[in-house]
Amino acid sequence: MKAEIETMIELQGYWDEVLKALNEIERRQRSIAFWGDSLREKEANEASLKEMIKQGKGTLMSMELRLNETESKIKKLEERKKTVQTERELAAVTGELDLLYKTRDTVEDESLALMDTLDEREKALEAASRELQESQVQVASDIESLQREIASFDAVRKEKEERFHTLSEKLPVSVKSKFLRLIQSKEGRAIGEVRDEICTSCNFRIPPSLAQESLRGATVCVCTNCGRFIFSRS
Ligand SMILES: [Zn+2]
């Protein structure tokens with residue numbers, strides 16, 4: 001086989017390793033982003049529970065104020081009731097008192113219900129905070145090991161890329177520029193084997209004469225369909 005074909009096969013091997021390493025790095029970067037997002041989601045959940053509890057406590061406090069006000073109004077009116085002179089006055093005071101008792105009962109019921117809700121939210125917050133803390137520890141250690149893996153894949157990528165660039169200098173200029181252009185293309189593939197007259201880069205059948213020429217290995221052949229370099233092993 002012509003030396004430059006051998007060189008291209010070796011170069012393709014290095015490039016495949018580069019792409020594999022990049023792919024592994026990307027997968028891990030996606031994991032890191034995913035874990036970061038899930039952590040932020042848990043932080044937001046905790047913050048919103050805290051906010052709801054804070055608001056609920058504020059509401060409860062104003063309910064208590066209202067309850068106290070109502071109670072003292074009731075007390076005053078009950079006193080006045082004892083001293084009323086006329087039927088009309090008595091009816092007015094009694095009517096007012098009825099309303100106040102109703103208000104008191106309503107506010108009492110509402111504040112009891114709110115206390116229950118607050119209790120539930122406090123429990124939910126406790127669970128959310130615990131879960132967040134556990135996640136923070138877990139995610140930090142996961143991200144650390146993912147970053148270590150990224151660093152080691154990046155070292156592989158760098159090494160293979162250097163080998164690739166050094167070796168690519170051996171190619172004749174005309175072949176080299178076409179080879180580099182092809183390898184930079186989407187699939188990162190510049191040379192592929194021909195098997196049973198099929199170019200394995202694009203899975204198309206090439207003319208039998210070209211397959212024969214490629215099998216002889218004396219010239220640099222190119223697939224008639226995808227334009228990539230081809231080689232055959234006998
Ligand atoms: Zn092809």
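How many bridges join strand β2 to β3, and do the two run parallel or antiparallel? Two bridges do the joining, and β2 (residues 198-199) and β3 run antiparallel. Before the close-ups, note that this is a predicted model: local features need pLDDT of at least 70, side-chain atom pairs count only at pLDDT 80 or more, and totals for chains, interfaces and linings use all residues. Residue numbers start from 1 along each chain, following the sequence as written.

**View 1. Five strands line up in an open sheet.** Reading across, the order is β3-β2-β1-β5-β4, and the pairing is mixed. At the edges sit β3 (204-205) and β4 (221-222), each paired on one side only. Two strands count as a pair if DSSP finds at least two bridges between them. Strands (E, at least two residues) and helices (H or I, at least four) are DSSP runs, numbered from the N terminus.

**View 2. Strand β1 has a parallel partner and an antiparallel one.** With β5, β1 shares three bridges, and these two strands run parallel. Look for Ile191, which stands opposite Phe229 in β5. With β2, β1 shares two bridges, this time antiparallel. Here Arg195 faces Ile198 in β2. Ile198 also stands opposite Arg205 in β3.

**View 3. Asp196 and Asn203 both sit in loops of the sheet.** Most residues other than glycine have a negative phi, and most peptide bonds are trans. Asp196 has a positive phi near 50°, in a β1 and β2 hairpin with two residues between the strands. Asn203 is not a glycine either, yet its phi is positive, at about 65°; you'll find Asn203 in the loop between β2 and β3. Are these two buried or exposed? Asp196 is exposed, because just 8 other C-beta atoms lie within 10 Å, and Asn203 counts as exposed with 10 C-beta neighbours inside 10 Å. The cut-offs work like this: with C-beta atoms placed from the backbone, a residue is buried if 20 or more other C-beta atoms lie within 10 Å of its own, exposed if 12 or fewer, and partly exposed in between.

**View 4. Helix α1 runs for 81 residues.** Covering residues 3-83, α1 reaches 120 Å from its first C-alpha to its last, close to the 120 Å expected at 1.5 Å a residue. (That expected span is 1.5 Å times one less than the number of residues.) Its buried residues include Ile5, Leu11, Trp15 and Thr70. Among the elements covering the buried residues of α1 are α2 (87-168), α3 (173-183), β1 (191-195) and β5 (229-231). Contact here takes C-beta atoms, placed from the backbone, within 7 Å.

**View 5. Helix α3 has a buried side and an exposed face.** Phe179, Leu182 and Ile183 are the buried ones. They cover an arc of only 90° around the axis, so they are on the same side of α3; the arc is that of the directions from the helix axis to the C-beta atoms. This buried set packs against α1 and β5. Turned away from it, you'll spot exposed Val173, Ser174, Ser177 and Arg181.

**View 6. Glu126 is part of helix α2.** Glu126 is exposed, with 11 other C-beta atoms within 10 Å. Now find Cys226: the pair is 100 residues apart in sequence and 61 Å apart in space, C-alpha to C-alpha.

Key. Contact = placed C-beta atoms within 7 Å.
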